[in-house]
Amino acid sequence: MAKEEGPTVELRQRKKPKSSESQRSAKEEKINDTPIPERTPKHILFQRFAKLFIGCLAAVTSGMMYALYLSAYHERKFWFSNRQELEREITFKGDSAIYYSYYKDMLKAPSFERGVYELTHNNKTVSLKTINAVQQMSLYPELIASVLYQATGSNEVIEPVYFYIGIVFGLQGIYVTALFVTSWLMSGTWLAGILTVAWFIINRVDTTRIEYSIPLRENWALPYFACQVAALTGYLKNNLNTYSERFCYLLMSASTYTFMMMWEYSHYLLFLQAISLFLLDIISVEQSDKVHEVYKIYIFSLFLGYLLQFENPALLVSPLLSLVAALMLTKCLQLNVKKGTCVAKMMKVINFYLVCTLTVTLNVIMKMFVTHKENGHMLKFLEVKFGLNMTNGMSIKETVTLEDGRIGERPEIIYHVIHTILLGSLAMVIEGLKYIWTPYVCMLAAFGVCSPELWMTVFKWLRLRSIHPVLLALFLSMVVPTIIGLNLWKEFFPRLMTELTELQEFYDPDTVELMTWIKRQAPVAAVFAGSPQLMGAIKLCTGWMVTSLPLYNDDDLLKRNENIYQIYSKRSAEDIYKILTSYKANYLIIEDSICNEMGTMSGCRVKDLLDVANGHFVKKVTS
């Protein structure tokens with residue numbers, strides 16, 4: 001027995017070193033098989049650095065030049081520097097006058113805390129009404145501007161009005177720079193960014209409202225949204241290194257929250273973006289984790305915005321919150337199935353159905369338990385039908401080369417196409433919102449002509465073989481934008497220079513006389529009644545109390561506006577007197593522009609609409 005055990009023990013002892021040697025050799029083979037990354041040649045690094053430097057310089061220069069252009073154009077349009085303070089303030093029309101008036105109030109306050117308190121408990125603007133102006137009018141831009149003006153010591157260098165409009169013009173420069181960067185990220189060349197900026201400025205009537213009203217909330221907010229879109233474009237790119245991905249994520253988080261704080265309707269635009277990401281998630285499963293990280297940013301921004309916006313109920317009942325909550329729930333219910341199979345396609349359809357159903361259900365439940373009045377009229381504009389055809393269940397390659405001609409597999413491109421289509425659908429429903437859609441059309445158009453990948457994809461569809469498609473794609477992606485740029489320079493640059501050299505005339509002596517009379521003759525406790533647009537100017541230029549404001553997100557103010565407009569209807573003098581005295585009005589201002597209005601269409605004047613609403617309009621019957 002002992003002789004038999006000896007070899008057995010010896011055999012086991014021999015196996016042990018053999019296995020360790022095999023493991024060691026396996027590790028050595030694995031190390032030897034691991035490809036060692038080759039160092040990039042110095043001339044390649046220099047080319048990349050030069051390309052990055054020139055592109056960044058062009059992006060920053062474009063933004064600065066656009067901001068300077070807006071400042072020069074504004075000066076030429078209103079002769080701003082040559083006018084008195086009262087004449088400058090008259091250039092702020094409608095709700096813009098209200099925003100700037102609260103900026104002035106903050107500068108007059110003895111302290112920042114006292115100024116915020118007076119705005120949140122404001123009873124000196126609208127008669128018989130105390131309002132939280134910060135929450136109701138989204139006055140965070142004015143709060144920030146007033147703090148910056150006093151903290152930086154600008155009160156000793158520049159006048160408050162120049163500081164205020166200078167910030168807005170600077171933000172527009174950032175807006176243009178962000179569009180430049182987004183187009184650059186999509187196409188891979190900064191020529192696309194230059195074309196984007198050129199088309200943006202040429203079509204500025206449809207791309208921005210800065211020329212008509214400077215302090216509008218969207219003029220403060222949309223630059224941050226453009227930065228968020230640029231960060232999202234970089235975040236969705238494949239093969240992104242860790243540091244770049246982290247930077248894009250942080251920038252996206254900060255800009256999303258800031259955008260939500262600056263504009264009361266921002267969550268509707270983010271709702272459309274969330275729909276775009278949801279459709280991207282259906283098409284490009286590989287980016288599912290990144291898309292759901294963006295959903296978390298939405299949740300965090302909504303929660304923080306709800307707290308800092310005085311528990312704003314509009315954020316709780318927003319469709320964005322319901323959609324994101326539904327998407328997070330369906331994510332937990334998803335099953336791991338093989339891609340490209342019939343079961344996977346059926347699961348996508350079921351997932352789409354669940355998201356739509358849960359979104360509507362959650363939104364209805366929130367509205368049942370949360371008291372809300374704000375922004376309810378905006379939901380009807382978002383009832384638009386969307387369709388999407390899905391093909392190609394194959395997995396996406398980790399690295400798509402130029403020769404592949406498969407630009408449709410890049411997730412950031414898919415997102416931008418869907419997002420632009422949704423914004424275009426919204427612009428068709430509400431024509432006044434085309435200034436949100438047009439900048440992204442300019443960006444996509446610039447990407448289209450400057451991207452060699454897109455040209456290569458087109459050649460692949462056309463099955464072009466007579467000429468080398470890669471060389472032709474690279475050639476066209478440089479020549480076509482150059483030709484377009486030269487044509488734009490030749491045709492539109494002289495027009496822009498002409499606009500800056502022409503001295504336009506702004507002359508409104510009646511309004512100046514009215515404001516001067518109020519400040520000199522009217523009692524301090526007087527209350528003025530009139531059209532909401534004129535009341536905004538009175539609040540800014542004189543500081544006197546008014547009966548209504550040009551704001552449309554408050555039911556009481558809407559009712560006041562409708563009642564005050566009855567002065568132009570066929571109501572009796574007794575009825576008008578009762579309406580005015582119910583709001584403690586002492587002075588009534590009648591405007592010739594409304595009384596003598598000559599409408600282009602019959603029945604569309606303010607007087608006609610009031611008469612129809614009151615049942616005083618008698619339609620002529622022809623036999």
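Here are some worked exercises on this predicted model.

**Exercise 1. Work out how much of the protein is helix or strand by count, and how far its contacts reach along the chain.**

Start with the inventory: the protein has 27 helices and 3 strands. Next, burial: 46% of the 623 residues are buried. Then take the contacts between residues at least 6 apart in sequence; 72% of them join residues at least 24 apart.

**Exercise 2. Decide where the coordinates deserve caution, using pLDDT.**

Begin with the overall figures: the mean pLDDT is 81, and 81% of the residues reach 70 or more. Now look at the chain start, where residues 1–20 have pLDDT below 50 and the model shows 0 contacts beyond near neighbours in sequence. A second stretch, residues 376–391, also stays under 50, but here the model has 23 contacts beyond four places in sequence. How should you treat such places? Where pLDDT is low, the predicted coordinates should not be read in detail.

**Exercise 3. Find the strand order of the sheet and say which strands stand at its edges.**

Step one is the order: this open sheet of 3 strands runs S2-S1-S3, with parallel pairing. Step two follows from it: S2 (545–546) and S3 (587–588) each have a single partner strand, so each has one side without a neighbour in the sheet. Step three is the pairing of S1 (residues 527–529) with S3, which rests on 2 bridges. One residue pair to look up is Phe528 with its bridge partner Tyr587 in S3.

**Exercise 4. Locate the largest nonpolar core and name its best-connected members.**

The largest nonpolar core has 129 residues, and those touching the most other members are Met137, Trp263, Leu277, Tyr298, Leu320, Phe528 and Ile538. Which helix gives the most to this core? That is H8 (residues 160–187), with 14 residues. A second core of 11 residues lies apart from it, and includes Ala529, Ile564, Tyr568 and Ala585. For a closer look at one hub, pick Met137: leaving out neighbours within four places in sequence, Met137 contacts Ile98, Tyr99, Tyr102, Ile131, Arg217, Leu549 and Leu551.

**Exercise 5. Check the length of helices H2, H12 and H11 against 1.5 Å a residue.**

Take H2 (residues 42–78) to begin with: its 37 residues should span 54 Å, and the end C-alpha atoms are 54 Å apart, so the two agree. Just past H2, Trp79 has a positive phi of about 50 degrees. For H12, 21 residues should span 30 Å, and the end C-alpha atoms are indeed 30 Å apart. H11 has 19 residues and reaches 27 Å, close to the expected 27 Å.

**Exercise 6. Describe how H12 is packed, and place Phe259 within it.**

Look at the helix start: a side-chain oxygen of Asn241 comes to within 3.2 Å of the backbone nitrogen of Tyr243. Then list the buried residues of H12 (residues 242–262): Cys248, Met252, Ser255, Thr256, Tyr257, Phe259, Met260, Met261 and Met262. The cover over them includes H7 (140–151), H11 (217–235), H13 (266–283), H14 (288–308) and H16 (319–333). H11 is itself mostly covered, with 18 of its 19 residues buried.

Now zoom in on Phe259. Its relative accessible area is 0%, so Phe259 counts as buried. Beyond four places in sequence, Phe259 contacts Ala221, Leu222, Tyr224, Phe225, Ser266, Leu269 and Leu270. Phe259 and Ala226 are 33 residues apart in sequence, with C-alpha atoms 9.5 Å apart.

**Exercise 7. Are Ser531 and His419 buried or exposed, and what do they touch?**

Ser531 sits in the loop between S1 and H23 (532–541). With a relative accessible area of 2%, Ser531 falls under the 20% cut-off and is therefore buried. Outside four places in sequence, Ser531 touches Tyr565, Glu591 and Ile594. Its C-alpha is 8.0 Å from that of Ile589, 58 residues away along the chain.

His419 belongs to H18 (residues 411–429). At 1% relative accessible area, His419 is buried too. Its contacts beyond four places in sequence are Phe225, Leu272, Gln273 and Ser276.

Definitions and conventions:
Residues numbered from 1 in each chain as written. Predicted model: local features only at pLDDT ≥ 70, side-chain atom pairs only at ≥ 80, totals over all residues. Heavy atoms only, no water. Pairing = 2+ DSSP bridges. Helix = DSSP H or I, 4+ residues; strand = E, 2+ residues; numbered from the N terminus. Core = buried A, V, L, I, M, F, W, Y, C linked by side-chain atoms within 4.5 Å. Buried < 20%, exposed > 50% of the residue type's maximum accessible area, 1.4 Å probe, protein only. Contact = heavy atoms within 4.5 Å. Expected span 1.5 Å × (residues − 1). Polar contact = N/O pair within 3.5 Å; in protein donor to acceptor, adjacent residues only side chain to side chain. pLDDT = per-residue confidence, 0-100.
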